[in-house]
Amino acid sequence: MNNLRKWNFKVVLAGPGAVGKTSIRERYMGKGFESSYLKTIGADFASKKIQKEEDLITFQIWDLAGQDSYQVVRSTFYKGAIAGILVFDCKDPSTMTNLKEWLDEAIKGSNNGILVYIVIANKIDLEEERRVSRDMALEFCNRMKTETGIRFYYSETSALTGQNIQETFEFLSDKLLEVNNIKDAVPFAKTNSIIDLDDYDEKPKEVSTVSVSSDSVSRDEFTELQDRIHIIEERLNTIQAIIKKIVEKIQEEE
Ligand code: G3D
Ligand code: MG
């Protein structure tokens, strides 16, 4: 167990209200998840540990409140995030076009620190009512990519049936290990349920992650450091939540 590399990945689920963010998180976390509910402050996060060979990943998934009233303080929640999942409802094209604003907010709020973005078309179980086709969504993602230079992945899910939820988070964990230089790039399969908008346009990416040289730090020291960072990160998250609550109280009183 001690030989495992430990990772703490903060993931934010962003997008308009009612598109299914909470449902996606709950579907992925299952029933027995370890959770810190911060419902009263308009967002909550839950964490889930998964092991991939030598890597122990703690996903900390923040589920942001979609309500506009929270927008002022919402940026706090992007701090420290490494992945952004932008969710829209495939029945409602306006929830997709809205994602551009959510993306801008995520870029600013995370100080450009988010390394992996996935756009999710949710509620694909409602086939009859679907109004955004895969092609329309890919075109939209491509436009966002051209405007921002950001690399996107695209996935279609149903939080109701569970379709593609597990796969999307599996893919995300692989990508996060890849951007941390732990895993070789996963060769992209056309049949994959996740679409890489950069499929035909592979270019080396500069990533600003900390790389630890094994010459200077022993494995045990490294593990201990990671544990300590993990604890500090969890405390910071709690502090962020408390600050948000205070700001809201102040706003209420104004
Ligand atoms: P949010 O967190 O983005 O605001 P929620 O969205 O997760 O609260 O979901 C909003 C509503 O959409 C909920 O219905 C939820 O059950 C439904 N929903 C979420 N994902 C799916 C999906 O994949 N398929 C279908 N059919 N419904 C979904 P209610 O009725 O509780 O408001
Ligand atoms: Mg919600």
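Which helix gives the largest share of the shell around ligand 1? In this predicted model, the answer is helix α1, which spans residues 21-29 and supplies 3 residues. The shell as a whole holds 15 residues. The closest are A18, T22, S23, D125 and A159. By class, the shell residues divide into 6 nonpolar, 6 polar and 3 charged.

Three polar approaches to ligand 1 can be described by residue. A backbone N or O atom of A18 lies 2.7 Å from an oxygen atom of the ligand. The side chain of K21 places a polar atom 2.8 Å from a ligand oxygen. For K123, the corresponding distance from a polar side-chain atom to an oxygen atom of ligand 1 is 3.1 Å. On its own, ligand 1 has 660 Å² of accessible area, and the protein covers 60% of this.

The overall fold provides the setting. The protein chain contains 7 helices and 8 strands. It has 254 residues, of which 48% count as buried. Among contacts with a separation of 6 or more, 75% join residues 24 or more positions apart. The exposed area of the chain is about 13,600 Å². Carbon and sulfur atoms supply 50% of that area.

Strand β5 covers residues 83-89. Its 7 residues are buried, 7 of 7, so the strand is largely enclosed by the rest of the structure. Both of its sides share this burial. A83, I85, V87 and D89 point one way, G84, L86 and F88 point the other way, and all are buried. Strand β5 pairs with two strands named here. With β1, residues 5-14, the pairing is parallel and runs over 4 bridges. One bridge links V12 to G84, the latter in β5. With β6, the strands also run parallel, and 7 bridges join them. Here F88 has A121 in β6 as its bridge partner.

Strand β6 spans residues 116-122 and includes N122. Is N122 buried or exposed? At 2% relative accessibility, N122 counts as buried, because the cut-off for burial is under 20%. Its side chain also takes part in a polar approach. A polar atom of the N122 side chain lies 2.9 Å from the backbone oxygen of V19. Beyond residues up to four places away in sequence, N122 touches V19, G20, I24, V87, F88, D89, C90, T157, S158 and A159. Of these contacts, V87, F88 and D89 are also residues of β5. A159 appears again among the closest residues to ligand 1.

Helix α7 and the loop before it were examined next. L197 sits in the loop between β8, residues 194-196, and α7. With 11% relative accessibility, L197 counts as buried, because this value falls under the 20% cut-off. Which residues does L197 contact, leaving aside neighbours within four places in sequence? They are L138, C141, N142, K145, F152 and Y154. The C-alpha atoms of L197 and C141 are 7.4 Å apart, although 56 residues separate the two in sequence.

F222 belongs to helix α7 itself, which runs over residues 219-253. Its relative accessible area is 21%. F222 is therefore partly exposed, since the value lies between the 20% and 50% cut-offs. F222 and R5 are 217 residues apart along the chain. Their C-alpha atoms are nonetheless separated by 8.7 Å.

Backbone geometry singles out two asparagines. Most residues other than glycine have a negative phi. N111, which is not a glycine, has a positive phi of about 60°. N112 is likewise not a glycine and has a positive phi of about 60°. N111 lies in the loop between α4, residues 99-109, and β6. N112 is placed in the loop between α4 and β6 as well. Where do their accessibilities fall, buried or exposed? N111 has a relative accessible area of 69% and is exposed, because the cut-off is over 50%. N112, at 53% relative accessibility, also counts as exposed.

Conventions. Residues numbered from 1 in each chain as written. Chains lettered and ligands numbered in written order. Predicted model: local features only at pLDDT ≥ 70, side-chain atom pairs only at ≥ 80, totals over all residues. Heavy atoms only, no water. Near = heavy atom within 4 Å. Polar contact = N/O pair within 3.5 Å; in protein donor to acceptor, adjacent residues only side chain to side chain. Areas by Shrake-Rupley, 256 points an atom, 1.4 Å probe, with all protein chains shown as cover. Nonpolar A, V, L, I, M, F, W, Y, C, P; charged D, E, K, R; others polar. Buried < 20%, exposed > 50% of the residue type's maximum accessible area, 1.4 Å probe, protein only. Contact = heavy atoms within 4.5 Å. Pairing = 2+ DSSP bridges.
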